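Please look at the protein shown below before reading on. The report after it describes the fold, the interior and the loops in turn.

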Amino acid sequence: MADTLRLDKFLWFARIVKTRSLAQSLAEEGHLRLSGRIIDRAHVPVRIGDVLAFAVHGKVRVLRIDALPDRRGPPAEARALYTEVNEGSPLTSEGSGD
């Protein structure tokens, strides 16, 4: 197994997106952050321990990469590739009031 994998392949292999072309679009449109950096290329390498952050359906998902896959496997296998760091924090501009 390699030490890195293209971001678009990881997103597709991990079943975060339905197609690789959607993964490429998501990356190239600047909607992803990889360990805090805004990403604008699909070929950026990801490593175990990297953190992906992106908005989907009005919520922010933050995922820590736990493993790099060799293929696009079944959903249970794909889910084991990452850990959800936050469970879908809503996108709001409201402060905590503290």
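What follows is a short report on this protein, moving from its overall layout to single residues.

**Overall layout**

The structure is a predicted model, in which local features need pLDDT of at least 70 and side-chain atom pairs count only at pLDDT 80 or more, while totals for chains, interfaces and linings use all residues. Residues are numbered from 1 along each chain as its sequence is written, and side-chain values use heavy atoms, with hydrogens and water left out.

The secondary structure comes to three helices and seven strands, where helices (H or I, at least four residues) and strands (E, at least two) are DSSP runs numbered from the N terminus. Read along the sequence, these elements follow the pattern β-α-α-β-β-β-β-β-α-β.

Of the 98 residues, 34% count as buried; here buried means under 20% relative accessible area, exposed means over 50%, and partly exposed lies in between, with a 1.4 Å probe and protein chains only. The protein exposes about 6100 Å², of which carbon and sulfur atoms supply 50%, and these accessible areas come from the Shrake-Rupley method with a 1.4 Å probe, where for residues only the protein chains shown count as cover. A contact means heavy atoms within 4.5 Å, and residues 24 or more positions apart account for 43% of the contacts that have a separation of 6 or more.

**The nonpolar core**

In soluble globular proteins, nonpolar side chains tend to be buried together. A nonpolar core is a set of buried Ala, Val, Leu, Ile, Met, Phe, Trp, Tyr and Cys residues joined through side-chain atoms within 4.5 Å. The largest such core in this protein has 24 residues, and the members that touch the most others are Leu7, Phe10, Leu11, Ile16, Leu32 and Val46. Two or more residues come from each of helix H1 (7-13), helix H2 (20-28), strand S2 (32-34), strand S5 (51-56) and strand S6 (59-65), and H1 gives the most, with four residues. If residues up to four places away in sequence are not counted, Ile16 touches Phe10, Leu11, Phe54, Arg61, Leu63 and Tyr82.

Which residues of H2 are buried? They are Ala23, Leu26 and Ala27, and they cover an arc of only 95 degrees around the axis, which puts them on the same side of H2; the arc is that of the directions from the helix axis to the C-beta atoms. The buried residues of H2 pack against H1, S2 and S3.

**Strand pairing**

Two strands pair if DSSP finds at least two bridges between them. S2 and S5 pair in the antiparallel sense over three bridges, and Arg33 has Ala53 in S5 as its bridge partner. S5 and S6 also run antiparallel, joined by six bridges, with Leu63 in S6 as the bridge partner of Leu52. S5 and S6 form a hairpin with two residues between them, and His57 in the turn has a positive phi of about 55 degrees.

Arg37 belongs to strand S3 (residues 37-39), and it touches Leu32 and Val44 when residues up to four places away in sequence are not counted.

**An aromatic pair**

Rings of Phe, Tyr and Trp (its six-membered ring) pair if their centres lie within 6.5 Å, and planes under 30 degrees apart count as stacked, over 60 as edge-to-face and the rest as tilted. By this rule there is one aromatic pair: the ring centres of Trp12 and Phe13 are 5.6 Å apart and their planes lie at 40 degrees, so the pair is tilted. Trp12 is partly exposed at 27% relative accessibility, whereas Phe13 is buried, with a relative accessible area of 10%.

**Residues in the loops**

Most residues other than glycine have a negative phi, and most peptide bonds are trans. Arg15 has a positive phi of about 60 degrees although it is not a glycine, and Ser35, also a residue other than glycine, has a positive phi near 50 degrees. After H2 comes Gly30, whose phi is positive, near 75 degrees. The table lists three loop residues with their places and accessibility.

| Residue | Loop | Relative accessible area |
|---|---|---|
| Arg15 | between H1 and H2 | 36%, partly exposed |
| Glu29 | between H2 and S2 | 54%, exposed |
| Ser35 | between S2 and S3 | 45%, partly exposed |

The C-alpha atoms of Glu29 and Ala42, 13 residues apart along the chain, are separated by 9.5 Å.
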